[in-house]
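Here are my notes on the model, set out as numbered points. Please read them with the structure open.

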Amino acid sequence: MGRADSFLLDRGASIHQHRLKTSQSIVSEFLDDGTYSMKKVLIQSKEHLELVKEEIRVSSLFSHPNLLPLLDHAIISVKASQDQSKKQEAYLLFPVHLDGTLLDSAKTMKAKEFFSTLEVLQIFHQLCAGLKHMHNFDPPYAHNDVNPGNVLLTHKKGQTPLAKLMDFGNTRPARRQIRSRSEALQLQEWASEHVSAPFRAPELWDCPSQCDIDERTDIWSLGCTLFAIMYGVSPFEYALEESDESPQLAIANAQIKWPTEPNAPYPNDLNQFVTWMLQPQPTVRPRIDDIVIHVDKLISKYSH
């Protein structure tokens with residue numbers, strides 16, 4: 001199939017770039033040179049197989065320009081050594097985005113190269129549009145791991161970068177009733193394994209025994225991600241890095257650590273926008289439709 005260069009290894013899956021030789025209808029989905037990306041998953045158990053099948057099913061549900069599409073997939077049996085049973089591997093085919101992720105851009109931002117206010121809002125608008133597509137499903141779906149590492153960017157000269165949300169391995173129906181302590185602990189354990197700590201909503205750190213979880217867990221992560229688009233890091237990263245800080249306490253109390261530079265690169269409107277999304281109580285947190293309306297207003301304001 002041509003050359004294959006591994007460029008990502010995550011959660012037991014490797015992604016490779018390949019040259020594609022296939023029909024024009026598929027080639028048109030990729031770059032002009034026919035490059036695409038392949039995610040290879042080594043399946044370890046029946047439970048793992050079911051998780052991979054669920055990721056494929058969920059990924060196939062969505063069709064939106066700001067969500068990374070799953071173009072094709074295959075699960076195959078592979079030969080194992082004599083003392084082992086047959087193994088299975090899954091292959092998931094995606095368009096390639098050679099410019100990397102928002103996390104890569106965040107590393108650049110730490111070197112004081114910031115997006116402009118309008119660029120921040122336009123990138124964020126694209127994330128909101130993709131997430132709105134998921135939240136407006138019946139039933140609504142939560143991505144469950146919105147963070148800069150799961151946002152692909154494609155840079156085009158003279159244009160705002162194209163942003164696509166990816167990795168639907170943790171995506172589940174968003175609404176869940178918690179009616180016992182054991183259910184609450186089960187959700188907390190799942191979240192600790194699957195949701196990035198600096199972007200994890202308070203109710204996933206300390207889940208009440210009687211509560212209703214919904215898609216607003218993503219809104220918290222979205223607020224953290226807006227902060228990261230602006231400043232290159234989660235607003236709660238400091239609590240994970242400093243030994244005398246409790247990340248759970250900082251997140252539960254929404255103790256945001258704003259940059260201390262005297263010349264802030266962004267207007268207070270954006271800081272207030274972040275704060276609005278980072279409401280510790282999920283019932284007062286805005287929904288995605290409210291956020292889209294607000295970001296449209298800010299884009300209109302800062303386009304002039």
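1. The axes of α4 and helix α11 (residues 288-302) come within 9 Å and cross at roughly 155 degrees. Angles over 145 degrees count as roughly antiparallel, so α4 is roughly antiparallel to α11. The crossing of α4 with α11 is left-handed. Note that this is a predicted model.

2. On the α4 side, the contact with α11 is made by T117, L118, L121, Q122, F124, H125, C128, L131, K132 and H135. On the α11 side, the residues are I288, D289, I291, V292, V295, D296, L298, I299 and Y302. By class, the contact of α4 with α11 divides into 12 nonpolar, 4 polar and 3 charged residues.

3. Helix α4 (residues 117-135) also packs against helix α7 (residues 216-231), at an angle of about 160 degrees and with the axes 10 Å apart. The two helices, α4 and α7, are therefore roughly antiparallel to each other. Their crossing is right-handed, whereas α4 passes α11 in a left-handed crossing.

4. In the second helix pair, α4 contributes V120, I123, F124, L127, C128, L131 and H135. These meet D218, I219, L222, T225, L226, I229 and M230 in α7. The contact of α4 with α7 has 11 nonpolar, 2 polar and 1 charged residues. F124, C128, L131 and H135 of α4 take part in both contacts, the one with α7 and the one with α11.

5. The loop between α4 and β6 holds P139. The peptide bond that joins D138 and P139 is cis, with omega about 0 degrees. Anyone setting up a calculation may wish to look at this bond in the viewer.

6. The loop between β6 (141-142) and β7 (151-154) includes N147, and D145 is placed in the loop between β6 and β7 as well. N147 counts as buried because its relative accessibility is 9%. D145, at 3% relative accessibility, is also buried, since the cut-off is under 20%.

7. Which backbone oxygen does the side chain of N147 reach? That of D145, at 3.1 Å. The side chain of D145 in turn makes a polar contact of 3.0 Å with the side chain of S196. Leaving aside neighbours within four places in sequence, N147 is in contact with S196, F199 and T225. S196 is thus a partner of D145 and of N147. T225 is also one of the α7 residues in the contact with α4.

8. Two residues that are not glycine have a positive phi: N144, at about 75 degrees, and D167, at about 65 degrees. N144 sits in the loop between β6 and β7 and is buried, with a relative accessible area of 10%. D167 belongs to the loop between β8 (162-165) and β9 (172-173). At 17% relative accessibility, D167 counts as buried.

9. For the protein overall, there are 11 helices and 11 strands. Of its 304 residues, 47% count as buried. Among contacts between residues at least 6 apart in sequence, 66% join residues at least 24 apart.

Conventions
Residues numbered from 1 in each chain as written. Predicted model: local features only at pLDDT ≥ 70, side-chain atom pairs only at ≥ 80, totals over all residues. Heavy atoms only, no water. Axes fitted to C-alpha atoms, helices over the stretch in contact; angles between N-to-C directions. Helix = DSSP H or I, 4+ residues; strand = E, 2+ residues; numbered from the N terminus. Parallel < 35°, antiparallel > 145°, perpendicular 65-115°, else oblique. Left-handed = near helix turned anticlockwise from the far one by under 90°. Contact = heavy atoms within 4.5 Å. Nonpolar A, V, L, I, M, F, W, Y, C, P; charged D, E, K, R; others polar. Buried < 20%, exposed > 50% of the residue type's maximum accessible area, 1.4 Å probe, protein only. Polar contact = N/O pair within 3.5 Å; in protein donor to acceptor, adjacent residues only side chain to side chain.
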